[in-house]
Amino acid sequence: MIDNLDPKQAWALLQNNPSAVLIDVRTAIEHGFVGHPPKAIHIAWKEFPGMQLNPTFVDQVQQHAPDKSAPILLLCRSGVRSVEAAKALEAVGYRHLVNILEGFEGPLDEQKHRGNLGGWRFHNLPWEQS
């Protein structure tokens, strides 16, 4: 089953459950330059050039999070890639998957800017840049 939590709920889960793992599924550029939550494990779902699927995504997650009953939280830019990644993990037996709604940057506003309507940073949750 894939749950959906907003960023504040996801942060609370991470704080209250030491077995929870946060996977940032964005590209390396997004993770490093746009920023990421502290201790987020970066495993791209799709990567440049061409936004090709990462053929080793599931294997990489299994290396970092071998316990398929632990909460696995998935974060992308706006909450779309993270759902796709969660479905791939569900297919191999992960049982407590969490899609972080709004992602790191949130949806586009009327001016086509992210970060003004939602997302991890919008909610003033901890983050850093590499």
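Q: How many aromatic pairs does a search of the whole structure find?
A: What you have here is a predicted model. A search through the whole structure turns up aromatic pairs, and their number is three.

Q: What kind of pair do the rings of Trp45 and Phe57 make?
A: Two values describe a pair of rings: the distance of the centres and the angle of the planes. For Trp45 and Phe57, the centres are 5.1 Å apart. Planes over 60 degrees apart count as edge-to-face. The planes of Trp45 and Phe57 stand at 85 degrees, so this pair is edge-to-face.

Q: How many residues apart are Trp45 and Phe57, and where does each one sit?
A: Trp45 is in the loop between strand S3 (41-42) and strand S4 (46-47). Phe57 belongs to helix H3 (residues 57-64). The pair therefore links distant parts of the chain, with a separation of 12 residues.

Q: Is Trp45 buried or exposed, and what is its relative accessible area?
A: To count as buried, a residue needs a relative accessible area under 20%. Trp45 is buried, and its value is 10%.

Q: Is Phe57 buried or exposed, and at what relative accessibility?
A: The cut-off for buried is again under 20%. Phe57 counts as buried, with a relative accessibility of 1%.

Q: What angle lies between the planes of Phe104 and Trp127?
A: Phe104 and Trp127 form an aromatic pair with 6.0 Å from centre to centre. This pair is edge-to-face, and the angle between the planes is 80 degrees.

Q: How many residues apart are Phe104 and Trp127?
A: Phe104 lies in the segment after strand S7 (97-100), and Trp127 is in the segment after S7 too. The pair links distant parts of the chain, and the two residues are 23 residues apart.

Q: Which label, buried or partly exposed, goes with Trp127?
A: Its partner Phe104 has 0% relative accessibility and counts as buried. Partly exposed covers what falls between under 20% and over 50%. Trp127 comes in at 37%, so the label is partly exposed.

Q: Which residue lies over the face of Phe104?
A: The ring of Phe104 has a residue over its face, at 4.5 Å from the ring centre. That residue is Arg26.

Q: How far from the centre of the Trp127 ring is the charged end of Arg121?
A: Arg121 has its charged end over the ring of Trp127. The distance to the ring's centre is 4.9 Å.

Q: What arc around the axis do the buried residues of H3 cover?
A: Phe57, Val58 and Val61 are buried in H3. They are on the same side of H3 because their arc around the axis is only 95 degrees. Among what covers them are strand S6 (72-75) and helix H4 (81-91). To come back to the arc, its value is 95 degrees.

Q: What arc do the buried residues of H1 cover?
A: In H1, the buried residues are Pro7, Ala10, Leu13 and Leu14. They sit on the same side of H1, because they cover an arc of only 120 degrees.

Q: Which strands do the buried residues of H1 pack against?
A: These buried residues belong to H1 and include Leu13 and Leu14. They pack against strand S1 (2-5), strand S2 (21-24), S6 and S7.

Q: Which helix gives the largest share of the lining of the largest pocket?
A: The largest pocket has a volume of about 180 Å³. Its lining is made up of Trp11, Leu14, Gln15, Ala20, Leu22, Pro38, Lys39 and Ala40. The largest share, three residues, comes from helix H1 (residues 7-16).

Q: What is omega for the cis peptide bond that joins Phe48 and Pro49?
A: Pro49 lies in the loop between S4 and strand S5 (52-53). The bond joining Phe48 to Pro49 is a cis peptide bond, with omega about -5 degrees.

Q: What is the phi of Lys39?
A: Lys39 is in the loop between helix H2 (28-34) and S3. Lys39 is exposed, with a relative accessible area of 78%. Although it is not a glycine, Lys39 has a positive phi of about 70 degrees.

Q: Which residues is Asn99 in contact with, leaving aside its neighbours within four places in sequence?
A: Asn99 lies in strand S7. At 1% relative accessibility, Asn99 counts as buried. Leaving aside neighbours within four places in sequence, its contacts are Ile2, Asp3, Asn4, Leu5, Leu74, Gly79, Ser82 and Val83.

Technical notes. Residues are numbered from 1 along each chain as its sequence is written. This is a predicted model: local features need pLDDT of at least 70, side-chain atom pairs count only at pLDDT 80 or more; totals for chains, interfaces and linings use all residues. Side-chain values use heavy atoms; hydrogens and water are left out. Rings of Phe, Tyr and Trp (its six-membered ring) pair if their centres lie within 6.5 Å; planes under 30 degrees apart count as stacked, over 60 as edge-to-face and the rest as tilted. Helices (H or I, at least four residues) and strands (E, at least two) are DSSP runs, numbered from the N terminus. Buried means under 20% relative accessible area, exposed over 50%, partly exposed in between (1.4 Å probe, protein chains only). A charge sits over a ring if NZ of Lys or CZ of Arg is within 6 Å of the ring centre and within 35 degrees of the ring normal. The arc is that of the directions from the helix axis to the C-beta atoms. Contact means heavy atoms within 4.5 Å. On a 1 Å grid over the protein atoms alone, a cavity is a set of points where a 1.4 Å probe fits but cannot get out, and a pocket is an open set with protein on both sides within 12 Å along at least five of seven lines; lining residues have an atom within 4 Å of a point. Grid points are joined across faces, edges and corners, and a volume is the space filled by probe spheres set on the points.
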